[in-house]
Amino acid sequence: MSMSKKSTVIVENIRKKQMRESISAGKRLDGRSLDEIRPIEIELDVIKKASGSAWVKLGNTEVVAGVKVETGEPFEGLENSGALIITAEVLPIASPHIEPGPPDEETIELARVVDRGVRESDMLDLSKLVLVPGKIVYTIFVDCSVINVDGNLLDATSYAVVCALASCKLPVFEIKDDKVVETGKTQEPPITTLPVSVTTVKIGDYLISDPSTEEEACMDARLTITTNSKGSIVAMQKGLKGYFSIEDVKSIADKAINKGEEIRGKIKGLINIG
Amino acid sequence: MVQSKNLIDESGKRTDGRVIDELREVKIKVGLVKNADGSALIEFGKNKIIAAVYGPREVHPKHMALSDRCVVRCRYHMSPFSTDTRKSPAPSRRETEISKVIREALEPALILEDYPRAAIDVFIEVLQADGGSRCAGISAASVALADAGINMRDMVSACAAGKVDDKIVIDINDTEDKEGGADMPVAYMPNLKKITLLQLDGELNPNEFNTCLDEAVRGCLKVYEIQRSSLIEKYFGDEKEMKE
Amino acid sequence: MQEVKRKYVIPGDIVAEGNLRPLVNVFKNGNSIVATRIGITESNKDGAKVIPLSGIYFPRANDIVVGKILDHSSLSWSVDINSCFAAHLPAQDIFGRDFSPAHDDMGRQLSTGDVIVARIAIFDRTRDPILTIQDKDLGKIPTGELIKISPTRVPRLIGKRGSMIQTIEQASSTRITIGQNGIIVVSGKDKDGITLAINAIHIVEVEAHTSNLTQRIRQLLNVPESEIESDDTQNSEASDTTIDEDEINSDNSDKEMRMINPNGTK
């Protein structure tokens, strides 16, 4: 339904004009500076039935992520790795512009970009999540439900996934008489790094970070860059029909590294890991 | 249905420590979803459910509109992490049926003739499921509808009663639902005294049925008090209720 | 002043008992008058009603609304009026009877995202509202700050005979266009004045049902008591009730009072 009239946000022209004027003067309509990220609130362990969970608020954007752990066959070609599956749904409760139904291309992109950051950073050492090599491995689902949409779902969802995973307690499975049994014990997840994404968009000639819904409705292009704890870039996604100059891209990467480190510090403090 | 005889102990306590006519702890927070026209988060025991209402609004596609009244659409959905075993995100047959009965439980309270050709969307998302999620969902949805300012004849309050160890108890929890003798969810308009949802799983003799119905209605009235105070709290803060 | 009984209600609550006339946001059930909305009751010898505190805007013929152009067909613009129906502005309203889609370029007159202040010319339950901008003070709004408030608060923001909004406009040196649909445009030369006006409007929205609101708004705006004609004085001592009679009344009665342009040019 993403093509229906209802699904597009139209910003009033007088408001658009104000936004452009304001941005060219270095300030956004909500009072933020151009590269300022909205306040991030994270509540852990909100879903007791999940092995780990996080409710993340990035401004008014709210996402809940929950970790569920099962056992199953490994993915083909990854026989000695646990399986990691990340999904996202933008719930119809979250915005007047969402219709219930199977995920549209934007939602699939959302889940895949978040997944890419976690997977390519090797956040979880999946080699430690194998029960019978080639046959039985841990299958880790991280499912995300978007509760309220106010722009930048990519980063909010990414923070929710990272927090839920980093704070989870994995159930311990064992093989007894050729059968998988749940021991009732839990273990710390094998976390190696904390990937953090930072999304910056271009409106006219200006780059702004962490866009709101209204800003997204006016943006020409979007670039999401995920960095790991060492400050290396591990995943990127450019979106929309606009473009960036090479200088733009380099400046966005610098921002992603610096802002990413700040956000990582916040997550680390919350979860108590090194 | 297999019945086990150890869900209520000698002192009359149930598996979660409640007595037979005691509700689990219920909390309702109004207006949590900022984009919605009305919303409520209900925590009912371990249930954690958000209901959000959009509308009355335009109907898409247009041919779905009714010329003399408003269309009500309802989706009850469980997040994949809400249950003990992960649930597939795709809607199940169970969710489709529950969506239908919830819609039909709410419709009698809505004055749909006031909004011809428009639609009201009620979305219920179960973030964490315990027993009785449909009742909790209905109660939250009713608060969200009132919050949205949709014309209503009455609130709708819901609570299950059932049979556990041959005793009639209210507000069946997950264990009692799976192992007990009967589960009967009821939705009720507390001022108009009308029943808008009635289902039963299990076996009740005529006497048990009568008691069960009375108990369920008493449970609904307890839920109603909590719905009421959540709305008063949001709209009138801690100002005292005005006297006549 | 006539005695008015008020209390807070939610849907299903009894507003009054006995042989009273059901007015708005209530229905009659046997001998009782029952609320259909969250709000504040008002009952007197004329009947009983509820002044609602939440709800969308439902169109009424002759209401002034602020709308946003969504797109256009070959014959009309479709306009978002923050309601359950999109409204239509016929091309003929601008081009006149000679309008021809082949010769007249609708996009040059109004395009997607433009904001207009319009009057609902025709509306009934069988079709979408039809707008007109062919009256004084109607048409495209070129500039200003947009604010959205609950449409249920609009009568309170206007105040009795426009008293509240005039107070805000005069003290902030702004011009405020109010749509009955809850969309408001604040314009003016002075940025601080605009900010002040927006703050005042937000306070009215949040505290619409509380007592002494006009007084608090005056304090915020630094308006001395004597300078403006008070609408509170007549009944401020009358009771502890929250709202001045008629002020947040959403009946038709106060509609023609003034929806737009305040500064008394009419």
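Visitor: Which residue in E11(A) stands opposite A:Val196?
Guide: This is a predicted model, in which local features need pLDDT (the predictor's confidence in each residue, from 0 to 100) of at least 70 and side-chain atom pairs count only at pLDDT 80 or more, while totals for chains, interfaces and linings use all residues. Residues are numbered from 1 along each chain as its sequence is written, chains are lettered from A and ligands numbered from 1 in the order in which they are written. Strand E9 (residues 196-203) and strand E11 (residues 221-227) of chain A, both DSSP runs numbered from the N terminus (helices are H or I with at least four residues, strands E with at least two), pair in the antiparallel sense over seven bridges; pairing requires at least two DSSP bridges between the strands. In E11(A), the residue opposite A:Val196 is A:Thr227.

Visitor: Which strands stand at the edges of the sheet in chain A?
Guide: The open sheet has four strands in the order E10-E9-E11-E12, with antiparallel pairing. An edge strand here has a single partner strand, so one side is left without a neighbour in the sheet. The strands in that position are E10 (206-209) and E12 (233-239) of chain A.

Visitor: What angle does the direction of helix H2 of chain A make with that of E12(A)?
Guide: Neighbouring strands of the sheet are turned by 20° against each other on average, direction ignored. Helix H2 (residues 105-120) packs on the sheet and touches E9, E11 and E12 of chain A, where contact means C-beta atoms, placed from the backbone, within 7 Å. Axes are lines fitted to C-alpha atoms, for helices over the stretch in contact, and angles run from 0 to 180 degrees between N-to-C directions. Against E12(A), the direction of H2(A) makes an angle of about 165°.

Visitor: Which element gives the largest share of the largest nonpolar core?
Guide: A nonpolar core is a set of buried Ala, Val, Leu, Ile, Met, Phe, Trp, Tyr and Cys residues joined through C-beta atoms within 7 Å; buried means 20 or more other C-beta atoms within 10 Å, exposed 12 or fewer, partly exposed in between, with C-beta atoms placed from the backbone. The largest core has 205 residues, and A:Val161 is among those with the most contacts inside it. Beyond four places in sequence, A:Val161 touches residues including A:Ile86 and A:Val114. The largest share, 11 residues, comes from helix H3 (residues 153-166) of chain A.

Visitor: Which element gives the most residues to the side of chain B that touches chain A?
Guide: In this interface, 22 residues of chain B are in contact with 27 residues of chain A. Two elements of chain B give two or more residues to that side, strand E3 (47-58) and strand E5 (118-128). The element that gives the most, with four residues, is E5(B).

Visitor: How many residues join E5(C) to E6(C) in the hairpin?
Guide: Strand E5 (residues 39-44) of chain C has five of its six residues buried. Six bridges join E5(C) to strand E6 (residues 47-52), and the two run antiparallel. The hairpin passes through a number of residues equal to two.

Visitor: Is B:Asp166 buried or exposed?
Guide: B:Asp166 is not a glycine but has a positive phi of about 65°. B:Asp166 lies in the loop between strand E6 (157-164) and strand E7 (167-170) of chain B. With 11 other C-beta atoms within 10 Å, B:Asp166 is exposed.

Note on methods
Contact = placed C-beta atoms within 7 Å.
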